[in-house]
Every structure is written in C-alpha cells, then in structure tokens.
Amino acid sequence: MSMINRKIIFTGPVGAGKTTAIAAISDIKPIATDEYASDMTKSRKPQTTVAMDYGLIRLSDNERVHLYGTPGQERFDFMWDILTKGGIGLILLLDNTRKDPFQDIRFYTNAFRDFIEKQQMVVGVTRMDLQRRPGLPEYRQYLESLSLQAPVFEVDARSHKDITMLLQALLFSLDPGVIN
Amino acid sequence: MLKHSKSGPLKVALLAISPHNRAILEFFFSGAGRNLFRVVAEAEADAFILDFDHPDAKDDWQKREALHKPGVVLSVHQAELPNCIWIPKPLTSRALTDAVDRVYELMASREVTHAPAVQRPVISPTVVELEPPLVKHAEAHFRDLAQPFGVPARTERSAKTLRSLVISLPDEDEVDEAVVPHKASPEPVVPTEVFDPAEADIPLEEIDRPVASVVSQEEAERRWKALCGEQDDVQTVAEVALFTPENYLLASVLEAGRMARDTQQTVYLTLAPQEFVLLMPKQGLAYSTIDTLSEEFRALCNNPVQTGQFALHIPSATELEQLEKQAEGDADALLDLEAFVWVSSLLTARGRLGRGVDIAQKVSLKYWPNLTRLESFPHAMRIAALWNQRPASALDIAKALDIPQRYVFAFHTAANALNLFEMDQNKLKSREKEMPKQENRGFFSRLLKRLLGGGTK
C-alpha cells in the first residue's frame, strides 16, 4: 500500500507562533529549525539544521499530513516557492504586537502570491490579547486592498481549538462541499 | 513531484550557501525536486550551485573555475559569468527545472570545445587531498553524536553519502586542528543526504493530547436551539419565518454599534436597571454586565421591547473612566465586540430572517466572521466557505450544502448585522470563484473528522 502524503505550510514573521501552532495540532513533538538535538548544546558540536519546522498528523497507516513552518527570517524568502511545492494551503500567522503587521501581510502574501492564487490562504492573528489594534476589520480591508480574499481569525497559537479552526477554514475554503 | 528529464538528476555540489538555505534546497531536492538534482560530493558533481549573494560566493567560484564545471548562480542581481547560468531570486521550482536543461547544454557545448577536460574533469589535487580529513571530521562528529529523531548511530561511512540531518560544521575557528591540518582553499563541501522528516520512516516522539470538551453534547444542542431555533425547512420563499428587528434589543445593539463605529467612542447601552453593555470600538471589545450565555440575556434578546426599555449614550470622560475601571476589574465579562453583536443577532433571530431581507436575492460573503471568537453552531464554517466562494441566496446555500435552512438563516442574520456581506449586485460577479476541485474531498473529509474528533488518534 503506497503512502499518501500531503503538506500544509505555516508562515509568518518570527514570533508569530508558527512552531507553537504546529505543536498545537501535531501528533508528534515538532522538530524546529535551529533546534539543537538533546546533547548538542556544547560548543564544537554540530548543529542540527532542518529546512522547516515540522509536525505531522497521521490519518491512517498510509495517509499523513505534514505540517511545515517556514523559517521566520526574511532572508530565506528567495526559497519560498520551492518550499511550498506540493502544498495544499497556506496558514499565515501574524503577530499583532509587531510594529507594522500590514507590512508583514504585504511581504508574505507577495512572497507566496503564486501559491496563494493556486491554493488557499487563511490568516491567523496572534497576540491580540496584548494588542487589540489593528483589529480584524482593518485586516480584512487591508487584504481586500491587496485583492486577496482569505478568512482572518484571531487565534492563540497554543490553542488546539483555534489552530484546528484555521485548518477547517482552509479545507472548507478549498472545497466547501467537504462533509465533516 | 517535478518531472525531468532526459538524463536523470543532475549531480550538483552546493557552494557558498548558508546552512539554512542549504537545508531548504536539499529538502526540495529530496522531495518534489528529486528528479531534477542530486546533491553529491564536490568531486562527483557535474555542476555547482552557489548563492552569489553569500559573502564567500565570488571567492568560492574563482577557486573552482579551473575545474570547468558549470555553475548555477542564484542572486538578486543579474550575474553574467562564463560557464554559468543565472537564476534570479526569488527562486522558483520552474526556474530550477529549466536550469537543468541549460546546464546540460553548457556541458554539451564544453564537450565540443574542451572535450578532454569535460570527459574526464581534472579535479584539483588540493581538493582531492583536502576532502577526506574534513569528511572524517564530520564523521567523527556523527559517531559521537546521539542521533536525533531515531536515526541510528553510524559507525562507518556509507560509500555514497553521509546519512544525516543537514549538518553545519562548526565555525572555522572552532575546527579541531588535529583533524583539519591546514586551512586551505578551496574548501570542500561535505556531502550530505538531507533529512526530510516527511520522507523518513522513523519513530518520532508522539504526543498524546487528551480531548478537552467543555460542554456536553446535550448542552451544546440546547444552545444551538437557542441560537438557531428549531424550525423545519420550508418549500417556498413565502413560508420563511421572519422577525422584525426593530421590535427587539437587536435594533438598539445595532444602533449602538453604528454609533461606536462612526464616532470611535465608547457607547453605553442600558439593558435593564443597573445592567448595561459598553461597546468599545477602539479596543474592539464589548463589556456586558449580563452574561451573554445566561438565560437572562437570552430572554432580553427574545422578548419584544417596550418603549424606552433600552437607552444608549456616549459617556462623559468622568463616567467613562469609572466604567472602564469596572470593566478592567471584571475581565471575564469582556468579549469581542463582533462576538457581542453576533450572539445578540442569533438569539434574536433564532433561525429566522429579518423582515426586509430579500430572501431570493443573491449575496456573497465579503469577509469571514471571526469564527474562533464567535459562538459557533453547526455548519457555520461550511456556510461561510460556500457563501464566500459564490453569490447565492440563503435557500440556495442550504440546498447546496444539504443542511437545515435554519442554520443558513441564522448565519445570514448574524453576518448581516456585522456587515460582512457584499450586497451590491454589480460587484457579485467579480467575487465568484472557480468551482473547487473535488479530487481531495475524501482526504479533506478524513482530515476534518480527525481534527474535530479531538487530538488523539
């Protein structure tokens, strides 16, 4: 029996909660970029580098959903097209306490434009408990000004329920006829 | 997976690439791009890939020009170098696919003009001599390393490549001089085999996440009845149950919401003697002294109003200071402003449409409601998705999704209260999206069941 693999991409600026969000729904303990393996912390030991944060949802013995988080640093943006190859959708996480979250939207939606047009994006705004402005109406209008239509939700990246809602919105946006 | 090619994967060595970008490239080459490139040791490579924006790139390339191997140069600005092809950043899989053919063309053209050099590339003796110590150095680290993620420790070097996670060697100044005798150039590239967890069949540490259910199914169903009513489906437009918003608290809530939005000032709405709600537009919050989940609030929304029952005003600075103090000290009673309007609408409508709504009119959902912070009810997400995807009447949506009409009517009333619909008939056409592909429906359905069934497998 062949293994069926699908991929969902999480992106957003550093600190927006990508790794945490993956951890909230992953069946496994996520592997993070820049992670040091258990006994690698001493100097002169090689560092483990993985291309993306990684989590996994196992649907059955032969069906898996791989959750990939892009490295948060913007200097990796020139690689993002190849990172998303084969992905079914994009979760963009934004940190509402950042200086200019709209600039983040512009940056990430531009970087993933082709992928978003082919697939689907869902936006989760984190840390709204710490900073209420901008609010969701402003996010919606800003996305509209970029000619983008996407669900925008307030989320707590630690919350299984919230991240599950993002995924539900992604799947239903891709195919509203899906039966849950 | 990307398809290529006449000649199989192109054997490449990666130069002047940061560990992360190297990991990302190798990740791609091990997955979707596995038919395009194979990362090998420098000596085995047919071509080099280098990040020309990396500070070491020019130096690295100069040291290898004499090898007459083609280079694939990644850079923001155009780079015209002999025996190289340029791929502009941002990098795309399409550009990488095309690059393979172009590299083979370069190799072929060199075969014509420099046949001996290409048929049997002359590897710099310096490179050949230098490689083993560095590889040994890497191997030594691997041997001593407790391999993460269940990769078994290795004792011998594979004939092909190192089976490993992508490893960045220690900084040059940290390298043990006993292992690497002299810093010489060019630096060889340690061959690696990328670790893509998705490709590996290895035991990863599993998480057992208990299912946390706050309310019972019975309680949830009771609440859904309060929010969406219990009406049966109707066959004709004339049979649709309607309500008159002006007869309920909802009218005052909407008026207060409008006032708050227009003035960007907090609005005070009296609900009952000593009971009130504050709508705070700047914070996007509402503070209600009556719990919106309570029977009292449900009754307030359900029962027709008496004249003068609800009053609203913009508090003075002094009054506002006191009210905000009260709200701060009662944080549990704060809720999202949209959530307050949403729940007020649902409890009032109970699955009915507002009088004045053109039931047959097609509308489109312009903006999704913030479903993570609003009270949910069955099918809300599917209704939002379909209505966002194509203009339709409420009856069309219920029919297309094959769900009870009351949920669609409830959604319509609540989303309308939040101004989330596009009503302008001239703009509807442009909002229509392509019909979704159904090829993934089975998979999506299984994933949804899994997500909604809780965190455990």
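**Exercises on a sheet and the nonpolar cores**

In the hairpin that joins S8(B) and S9(B), two residues lie between the strands, and B:Gln274 adopts a positive phi near 70°. This is a predicted model, in which local features need pLDDT of at least 70, side-chain atom pairs count only at pLDDT 80 or more, and totals for chains, interfaces and linings use all residues. Residues are numbered from 1 along each chain as its sequence is written, chains are lettered from A in the order in which they are written, and side-chain values use heavy atoms, with hydrogens and water left out.

**Exercise 1.** Determine how S9(B) pairs with S8(B) and with S10(B).

*Solution.* Strands (E, at least two residues) and helices (H or I, at least four residues) are DSSP runs, numbered from the N terminus. Two strands pair if DSSP finds at least two bridges between them.
- Step 1: S8(B), residues 267–272, runs antiparallel to S9(B) and is joined to it by five bridges; B:Val267 stands opposite B:Leu279.
- Step 2: S9(B) and S10(B), residues 285–288, are antiparallel over four bridges, with B:Leu285 as the bridge partner of B:Met280.
- Step 3: The hairpin of S9(B) and S10(B) has four residues between the strands, and B:Gly284 takes a positive phi near 70° there.

**Exercise 2.** Establish the strand order of the sheet and explain why one side of S11(B) and of S12(B) lacks a neighbour.

*Solution.*
- Step 1: The open sheet has five strands in the order S11-S8-S9-S10-S12 (chain B), with antiparallel pairing.
- Step 2: S11(B) (312–313) and S12(B) (334–336) stand at the edges, each with a single partner strand, so one side of each has no neighbour in the sheet.
- Step 3: S10(B) and S12(B) pair over three antiparallel bridges, one partnership being that of B:Tyr287 with B:Leu334.

**Exercise 3.** Is S9(B) mostly covered or uncovered? Identify the helices that lie across it.

*Solution.*
- Step 1: S9(B), residues 275–280, is mostly covered, as five of its six residues are buried (under 20% relative accessible area, 1.4 Å probe, protein chains only).
- Step 2: H7(B), residues 249–263, lies across S8, S9 and S11 of chain B, at about 165° to S8(B).
- Step 3: H10(B), residues 337–349, lies across S9, S10 and S12 of chain B, at about 85° to S12(B). Angles run from 0 to 180 degrees between N-to-C directions of axes fitted to C-alpha atoms, for helices over the stretch in contact (heavy atoms within 4.5 Å).

**Exercise 4.** Describe the largest nonpolar core.

*Solution.*
- Step 1: A nonpolar core is a set of buried Ala, Val, Leu, Ile, Met, Phe, Trp, Tyr and Cys residues joined through side-chain atoms within 4.5 Å.
- Step 2: The largest has 96 residues, and B:Phe411 is among those with the most contacts inside it.
- Step 3: Helix H6 of chain A (residues 160–174) gives the most to this core, with nine residues.

Notes
Buried means under 20% relative accessible area, exposed over 50%, partly exposed in between (1.4 Å probe, protein chains only).
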